[in-house]
Amino acid sequence: MKLIDLVNPSVLTQPVYEPGRPIDDVARELGLDPAGVIKLASNENPLGSSPQALAAMRQALERVALYPDGGCGVLRHTLAKKFDVTAEQIAVGNGSNELLELLGHLFLRPGDEVVMGTPAFIVYKLVTLLFGAKPIEIPLVNHVHDLDAMAAAITPATKLVCLPTPNNPTGTTNPPAKLREWALSLPDHVVLVIDEAYGEYLEDLVDWNPLIAAGRKVIVLRTFSKIYGLAGLRIGFARASAAMAGLLQRVRQPFNVNSLAQAGAIGATTDDEWVRSCRLSNSEGLAQLSRGLTELGLEFVPSFANFLLVKVGDGAAVFKSLQQVGIIVRPVAAYGMPAWIRITIGNPDENVRVLGALRSLLVENLSC
Ligand SMILES: *Cc1c(COP(=O)(O)O)cnc(C)c1O
């Protein structure tokens, strides 16, 4: 018997997530000095990590012989205080990606439907397919989620509705008042998944707490991977009703979040100064990159996050050429946008470098 004949057939058709390429891997392949390679591919923080998070992790390093707190007790209480909910209303995951998978364990069976935008964060679709459920993909209109069309796509088979705000890869949002009204209008048999991975970059957010307190079926995801600069730790959390957060506890591994990640997240949660300064420098970088792209005559989607979606003609070719000069960006053909690339906002020097390379490549028709 062949190995492949033993495999669950649905796994064989499961698409594989394509991450941003790591600096060392690109440097090795192309014979470049890793110190000269910049990564603007995964929406990581160009300023690094919250200093309070790093300090907390250095202390926690002394205690890695012990298992982590399986229930993330201190972290959940710290988050509860900051977000004005109870610790029972918080669930913590090995990245918010794990929480998405746990939602699959909790809610999805073959035949169920999950309503999502397209293009939107691809993990919603991957999780849906992994559990044999059906992605119902609603095209964005002018790169923004079409809330009315999403609501209209809900059927008795719908279990989850996924809404990232801002969205990845477009960086767009829906007006908060409209979003809130829409959320309240959804039928009682669906769970609304609000993904605020880039929420800290927004000026104006919906306050979901009243909906959670009122027992609405809504779960709000946040991550430490983006503004807090802790992507390598893998930690994210959810706010939801105590009932939903409790159910998520049942489907996770006993020690799903490691002790360094918990310590780093506790340090980061109270580091308001870090968030303030990163938000400011991101908005300056966003303006710098937007101005530069406009000067180059390149079309891009106005963004509320820490990245820009830019139309370059042949996304795969530009991705490759930029890589040859030590700049890693993200091709988005997997999101059905082969003419575009996604560029993370870097620090000022990195932004100058990517603009210069795009000028050589696309305006002057040089090979960088
Ligand atoms: C980056 C990102 C995440 C974060 O995932 P983690 O697993 O927490 O690193 C979640 N949602 C969206 C839309 C993202 O872009």
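**Reading a two-domain predicted model**

Tutor: Domain 1 and domain 2 bury about 2,400 Å² between them, with 66% of it on carbon and sulfur atoms. This is a predicted model, in which local features need pLDDT of at least 70, side-chain atom pairs count only at pLDDT 80 or more, and totals for chains, interfaces and linings use all residues. Residues are numbered from 1 along each chain as its sequence is written, and side-chain values use heavy atoms, leaving out hydrogens and water.

Student: What does buried area express?

Tutor: The size of an interface is often given as the accessible area lost when the parts come together. Here the accessible area is taken with a 1.4 Å probe, and the loss is summed over both parts.

Student: Which residues make up domain 1 and domain 2?

Tutor: Domain bounds come from an automatic or database domain assignment. In the protein chain, domain 1 is 3-48 + 273-367 and domain 2 is 51-270. The contact (heavy atoms within 4.5 Å) takes 27 residues from domain 1 and 28 residues from domain 2.

Student: How many salt bridges and polar contacts cross between the domains?

Tutor: A salt bridge is a side-chain nitrogen of Lys or Arg within 4 Å of a carboxyl oxygen of Asp or Glu; the rule finds zero across this interface. A polar contact is a pair of N or O atoms within 3.5 Å; within protein, one must be able to donate a hydrogen and the other to accept it, and residues adjacent in sequence count only if both atoms are side-chain atoms. Nine residue pairs, both at pLDDT 80 or more, are in polar contact between domain 1 and domain 2.

Student: Which element gives the most to the side of domain 1 that touches domain 2?

Tutor: Helices (H or I, at least four residues) and strands (E, at least two) are DSSP runs, numbered from the N terminus. On that side of domain 1, α13 (272-296), β10 (307-311) and β13 (340-344) each supply at least two residues; α13 gives the most, with five residues.

Student: Which residues come nearest to the ligand?

Tutor: A residue counts as near if one of its heavy atoms lies within 4 Å of the molecule. Of the 13 residues around the ligand, Asn97, Tyr198, Thr223, Ser225 and Lys226 come nearest. Ligand oxygen atoms lie 2.6 Å from a side-chain N or O atom of Asn97 and 2.5 Å from a polar side-chain atom of Thr223.

Student: Where is the cis bond before Pro119?

Tutor: Pro119 is in the loop between β3 (113-118) and α7 (123-130), and the cis peptide bond joining Thr118 to Pro119 has omega of about 0 degrees.
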